[in-house]
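Here are some exercises on reading a fold from its strands and helices. Keep the picture open beside you and try each task before you read its solution.

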Amino acid sequence: MTARGARVDAVFAALSDPTRRSVLGHLADRESASATELAAGLPVSRQAVVKHLQTLGHAGLVTPTREGREVRYSLTPAPLDDAVGWMADVGAQWDRRLERLRRQVGTRKR
Amino acid sequence: MMGGIDGPVEREVELEAPPEDVWDELTDAERLGAWLGAAVDLAVEPGGTGTVSFPGGEMRRARVVDVEEGRRVSFLWWPVAPAVGRPTHVTITIEPTGAGSRVRVREAPSARARAAA
């Protein structure tokens with residue numbers, strides 16, 4: 001649970017930045033890309049892209065592979081399932097609580 | 001460092017009672033606990049700290065971040081038993097509607113919370 005929680009936090013933090021979301025969008029369209037290729041399609045420097053790729057890598061959303069002198073990055077979407085699962089669990093808990101609140105307020109009124 | 005996304009979980013409920021009647025359900029620990037489904041030992045005031053104990057042994061610590069009288073309560077909570085977990089930031093707001101009020105809950109992992117906890 002704690003490990004999952006940490007992963008989920010990292011995923012949400014990674015997704016909170018618009019440039020990182022663009023990077024993920026670019027990677028979703030192809031098998032892999034280098035930081036240089038990604039920077040060509042984005043309004044930020046290659047250096048900035050590398051930093052964003054590190055954050056995405058920390059969240060497990062991209063995986064680097066060394067090919068010769070180049071590092072290529074590919075999308076690994078599995079951690080998104082953790083984040084979606086967390087949202088479903090926590091959302092279901094609040095659905096139950098808010099239903100209890102609704103009944104509780106209704107009872108008090110009468 | 002970027003913050004977390006604002007409220008990846010968001011739920012709401014429509015109530016037939018006006019906001020002033022609903023406010024106690026958020027700030028009275030016993031009433032709050034009744035609908036949270038937990039024993040709440042927490043002073044709902046800015047900086048208030050305490051515990052939320054769920055049946056089955058799960059316990060969370062909580063710290064109230066912000067209270068806007070009659071309108072909004074926000075707190076951090078994080079599991080301490082059976083295992084320590086990461087804090088999330090919960091914001092509960094009440095707004096008036098024609099028929100009564102709407103209560104909205106947001107819960108999100110919080111980068112700020114991690115730094116503070």
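**Exercise 1.** In this predicted model, find the strands of chain B that helix 1 lies across.

*Solution.* Start with helix 1 of chain B, residues 19–27. Follow its contacts: the helix lies across strand 1, strand 5 (72–81), strand 6 and strand 7 of chain B. Now look at direction: helix 1 of chain B runs at about 160° to strand 6 of chain B. Then move on to helix 2 of chain B, residues 29–36, which also packs on the sheet. Helix 2 touches strand 2 and strand 3 (49–53) of chain B, and its direction makes about 145° with that of strand 2 of chain B.

**Exercise 2.** Work out the strand order of the sheet in chain B, and name the strands at its edges.

*Solution.* Walk across the sheet from one side to the other. Seven strands appear in the order 1-7-6-5-4-3-2, forming an open sheet with antiparallel pairing. Next, check the two ends of that order: strand 1 (9–15) and strand 2 (39–42) of chain B each have a single partner strand, so one side of each has no neighbour in the sheet. Finally, look at the twist, which averages 20° from one strand to the next.

**Exercise 3.** Describe how strand 6 of chain B is joined to strand 5 and to strand 7.

*Solution.* Take strand 5 of chain B as the starting point. Strands 5 and 6 of chain B run antiparallel and are joined by six bridges; one bridge pair to look for is B:Phe75 with B:Val90 in strand 6. A hairpin of six residues links these two strands of chain B.

Now turn to the other neighbour. Strand 6 (residues 88–96) and strand 7 (residues 101–109) of chain B are also antiparallel, with nine bridges between them. In this pairing, B:His89 has B:Ala108 of strand 7 as its bridge partner, and B:Pro96 stands opposite B:Ser101 of strand 7. These strands form a hairpin too, with four residues between them.

**Exercise 4.** Turn to chain A: list its helices and strands along the sequence, then describe its sheet.

*Solution.* Count the elements: chain A has five helices and three strands. Reading along the sequence gives the pattern α-α-β-α-α-β-β-α. The three strands form an open, antiparallel sheet in the order 1-3-2. Its edge strands are strand 1 (33–34) and strand 2 (62–67) of chain A, each pairing on one side only.

Look next at strand 2 and strand 3 (residues 70–75) of chain A, an antiparallel pair with six bridges. Here A:Arg66 faces A:Val71 of strand 3. To finish, add helix 2 (residues 18–28) of chain A, which lies across strand 1, strand 2 and strand 3 of that chain and runs at about 90° to strand 3.

**Exercise 5.** What is the radius of gyration of chain A, and what would a compact globule of 110 residues have?

*Solution.* Begin with the reference: a compact globule of 110 residues would have a radius of gyration near 13 Å. Chain A has 20 Å. Then read the spans of the C-alpha trace along its principal axes, about 75 × 30 × 20 Å. As a last step, consider burial: 29% of the 110 residues of chain A count as buried.

Terms used
Residues numbered from 1 in each chain as written. Chains lettered and ligands numbered in written order. Predicted model: local features only at pLDDT ≥ 70, side-chain atom pairs only at ≥ 80, totals over all residues. Pairing = 2+ DSSP bridges. Contact = placed C-beta atoms within 7 Å. Axes fitted to C-alpha atoms, helices over the stretch in contact; angles between N-to-C directions. Rg over C-alpha atoms; globule rule 2.2 N^0.38 Å. Buried ≥ 20, exposed ≤ 12 C-beta atoms within 10 Å, placed from the backbone.
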